[in-house]
Amino acid sequence: MTLLTRGEMHEFTAANQRFVYLVPSAAVFRLDPVSEAVLDTLGDRILTPDQLADGLADRFGLENVHATIGELHAVRAVSEAGAWPDDQLMQMPPADMPLTTMVMNVTSKCNLACTYCYEYGDDRITDSACGDQPDFMSEETARQSVDFMFRESGENKVAHLNFFGGETLLNFKVLQSSVAYARERAAALGKEVQFGLTTNATLLKPHIIEWLAENRIGVTVSIDGPQDAQDEFRVFKNGRGSYDVVVPKIKALLQKHPTRPIGARVTLTQQNLSVRKIFQHLTDDLGFWEVGFAPVTTSTFRDYAIEDEGFDSMLEQFQQLAYEWLEHTVDNRHHAFSNVRDTIEELHRGVSKAFPCGAGLGLVGVGTGGDVALCHRFAGSDDHAIGSITGGMDRVQQRAFLEQHHIDNKPECHTCFARPLCSGGCYHEAHTRYGSTTAANLHYCTWIRRWTDTCLRIYGEVAERNPQYLAQFEN
Ligand code: SF4
Ligand code: SF4
């Protein structure tokens, strides 16, 4: 006899409707009166389909109730009692999974000395022979990296090449030659390559901006906000703040690089948590198209580590910006807050992650010497290498890494409704906080769950009030 129980779900309301986020399938489901009644009647109990339907037949008709139970079963809102959920069975990507994104560290040097920087600060990963890595990637290594990228991209038609550092523009010569070479190889192979670059903006010059625009290179500027915020941590080596240097260059970039949207990426610290003020400055005063925020990655005892009340304040301001984003979105007006937009996209696509990000999966970081690591933050770390540009991906090592880091091996996350999106969080942060990439980032679970709940409510509102907006995420 089939016995039914409620599936794993997170309930929320949006636009005066009841919704459920079905965790095993990562689907958002709006409850109509019958499904609402079925789930409420089932509650914490275990019932047969007939027992469940009989009590509701008077109100909704027996056939209708059974059809709804069938639909709820299909989306796993109800399931057989005691059944082993599918997501508890380790599902691994194919062994020869193609590379989609290569992050190339063209230099490990920087002309700024941001106190919180993981590359130079106290939290730098020091498990390796990093000292043996060249400060700057050579043209030859860059060419070999590009060859590696196309080789490992398999059947993929599009490859993504992102330049990272250090400060990328310190090695402009290699940026230029890499882009030219990647275009040439892409044409020969019948592929397309898309470029991205992160910079602190201090070295932007007219000819560099022209080159970025001509080559349609997506630019992300690391900036912390208005003058007081920027000059607190983003300083030159002599301690001078960088705001006055970067602002005119950013304005020129925004004016002369119309071919791709320019984004700002803000690092939040305990001393810099005025999210709304920063957002307003970067959008209204400077004109960035997109602004994304990330809390600093650090061990707990640094004075810039965000404390509990800091996380509360950050969440409150994120929520305010998210609701502002919603009001713009329902009117088909652009709003620059990318944290919420990115999560709405993931929710609509039904993203359910077995791994927190693409690191070591479809994304790798290449160090200045050509070693291939999990991502740009691990580039140059021997313990986190998974191949080399000449030898290719080490598929055995990659497989071992993925098996070890699968969500199934993070028992603390197994009952968390936010796991389809979080999946334990950034490996680099886990390494910094707990000394191991395998650890779940349990220090911010409450924050993640509250933020995920906010995004679900925003998603429900958009789904009800402007469903056409979501169609862009369906291809
Ligand atoms: S790290 Fe925390 S929030 Fe993230 S999936 Fe695990 S339990 Fe959930
Ligand atoms: S490990 Fe962390 S820093 Fe690296 S790609 Fe993943 S989320 Fe980003």
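The points below describe a predicted model, from its overall division down to single residues.

1. Domains. The protein is divided into two parts: domain 1 covers residues 4-89, and domain 2 joins the segments 102-327 and 364-388. Taken over C-alpha atoms, the centres of domain 1 and domain 2 are separated by 45 Å.

2. The sheet. The model contains an open sheet of 10 strands with mixed pairing, in the order β11-β10-β9-β8-β7-β6-β12-β13-β14-β15. Its edge strands are β11 (290-295) and β15 (392-393), each of which pairs on one side only. As a general matter, the strands of a sheet pair through backbone hydrogen bonds, either parallel or antiparallel.

3. Strand β7. Residues 158-164 form strand β7, which is mostly covered, six of its seven residues being buried. On one side, β7 pairs with strand β6 (residues 101-105) in the parallel sense over five bridges; within this pairing, Val103 has Asn162 of β7 as its bridge partner. Strand β7 is also joined to β8 by six bridges, and these two strands run parallel. Here Val158 stands opposite Glu192 in β8. The chain passes from β7 to β8 by way of helix α6 (residues 172-189), in a β-α-β crossover that is right-handed.

4. A cis peptide after β7. The bond from Gly165 to Gly166 is a cis peptide, with omega near 20 degrees. Gly166 is found in the loop between β7 and α6, so a reader tracing that crossover will meet Gly166 on the way to the helix.

5. Strands β8, β9 and β10. Strand β8 (residues 192-199) pairs with β9 in the parallel sense over four bridges. Two of the partnerships can be named: Gly196 with Gly218 of β9, and Leu197 with Val219 of β9. The two faces of β9 (residues 218-222) contrast: Val219 and Val221 make up the covered face, whereas Gly218, Thr220 and Ser222 lie on the uncovered one. The connection from β8 to β9 runs through helix α7 (residues 206-214), and this β-α-β crossover is right-handed. Strand β9 is further joined by three bridges to strand β10 (residues 263-268), the two running parallel. In that pairing, Thr220 has Gly263 of β10 as its bridge partner.

6. Two residues with positive phi. Arg216 is not a glycine, yet its phi is positive, about 50 degrees. Arg216 sits in the loop between α7 and β9. Is Arg216 buried or exposed? Arg216 is exposed, because 12 other C-beta atoms lie within 10 Å. Ser423, likewise not a glycine, also has a positive phi of about 50 degrees. Ser423 belongs to the loop between α14 and α15, and counts as buried because it has 21 C-beta neighbours inside 10 Å.

7. Surroundings of ligand 1. Ligand 1 is surrounded by 15 residues, the closest being Cys413, Cys416, Arg419, Cys422 and Cys445. Helices α14 (419-422) and α16 (445-465) each supply at least two residues of this shell. Which helix gives the most to the shell around ligand 1? Helix α16 does, with three residues. Sorted by class, the shell around ligand 1 has eight nonpolar, four polar and three charged residues.

8. Surroundings of ligand 2. The residues around ligand 2 are Cys357, Ala359, Cys375, Arg377, Cys426, Tyr427 and His428. By class, this shell has five nonpolar residues, one polar and one charged.

9. Helix α15. Tyr427 and His428 of the ligand 2 shell are also among the buried residues of helix α15. This helix (residues 427-434) is mostly covered, with seven of its eight residues buried. The others in the buried set are Glu429, Ala430, His431, Thr432 and Arg433. After α15 comes Gly435, whose phi is positive, near 80 degrees.

10. A buried loop residue, Leu56. Leu56 lies in the loop between α2 (49-54) and α3 (57-60). Why does Leu56 count as buried? The reason is its 20 C-beta neighbours inside 10 Å, since 20 or more are required for a residue to be called buried. Beyond its neighbours within four places in sequence, Leu56 is in contact with Ala37, Val38, Thr41 and Val65. Val34 is 22 residues from Leu56 along the chain, and the C-alpha atoms of the two are separated by 8.5 Å.

How values were computed: Residues numbered from 1 in each chain as written. Chains lettered and ligands numbered in written order. Predicted model: local features only at pLDDT ≥ 70, side-chain atom pairs only at ≥ 80, totals over all residues. Pairing = 2+ DSSP bridges. Right-handed = clockwise from strand over helix to strand, strands pointing away. Near = placed C-beta within 6 Å. Nonpolar A, V, L, I, M, F, W, Y, C, P; charged D, E, K, R; others polar. Domains from an automatic or database assignment. Contact = placed C-beta atoms within 7 Å.
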